[in-house]
Amino acid sequence: VQLQASGGGLVQAGGSLGLSCAASGSFFSIDVMGWYRQAPGKQRELVALITSGGSTKYVDSVKGRFTISRDNAQNAVYLQMNSLKPEDTAVYYCNALIKYSYATRSTGYWGQGTLVTVSS
């Protein structure tokens, strides 16, 4: 299984960016998909996640500004980031919990990371 992320870049404060991540390979289903980020000198943190049923969770610092969504048919997850702030600058990683059969436990996979830089 591979997760391919795209969409990072440089944007001014107050601007918007969208991230995409698609899973490829052979598997039974994807449970939770999410986005994490790691700023220089800091630990990786959860940004947002979404279940297969569409329930979402956000870290407080992005609530009202970021929106996570997914396309189960495309095995893809998206992150729309609005009103970006310099403190949102980080490498963003997508994550997926994948099952290889109904009865097995999920296995976590990471995308390669995409850099988001917000200038002030």
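Here is a quick look at the aromatic rings in this structure and the charges that sit over them.

The model is predicted, so to speak of local features takes pLDDT of at least 70, and side-chain atom pairs count only at pLDDT 80 or more, while totals for chains, interfaces and linings use all residues. Residues are numbered from 1 along each chain as its sequence is written, and side-chain values use heavy atoms, with hydrogens and water left out.

There are two aromatic pairs here (rings of Phe, Tyr and Trp, the last by its six-membered ring, with centres within 6.5 Å; planes under 30 degrees apart are stacked, over 60 edge-to-face, the rest tilted).

| Pair | Centre to centre | Angle between planes |
|---|---|---|
| Y36 and W110 | 4.9 Å | 70° |
| Y93 and W110 | 6.4 Å | 90° |

Y36 and W110 meet edge-to-face. Y36 is in strand β4 (residues 29–38) and W110 in strand β10 (residues 107–110), so this pair ties together parts 74 residues apart in sequence; strands are DSSP runs of E, at least two residues, numbered from the N terminus. Y93 and W110 are edge-to-face too. With Y93 in strand β9 (residues 90–99), that pair links parts 17 residues apart in sequence. Put together, Y36, Y93 and W110 make one aromatic cluster.

How buried or exposed is Y93? At 15% relative accessibility, Y93 counts as buried (under 20%; exposed is over 50%, partly exposed in between, with a 1.4 Å probe and protein chains only). Y36, at 22%, is partly exposed, and so is W110, at 41%.

Now the charges. R44 lies over the face of Y93, 3.7 Å from the ring centre (NZ of Lys or CZ of Arg has to be within 6 Å of the centre and within 35 degrees of the ring normal). K99 sits over the face of Y102, at 5.5 Å from the ring centre.

Methods
Helix = DSSP H or I, 4+ residues; strand = E, 2+ residues; numbered from the N terminus.
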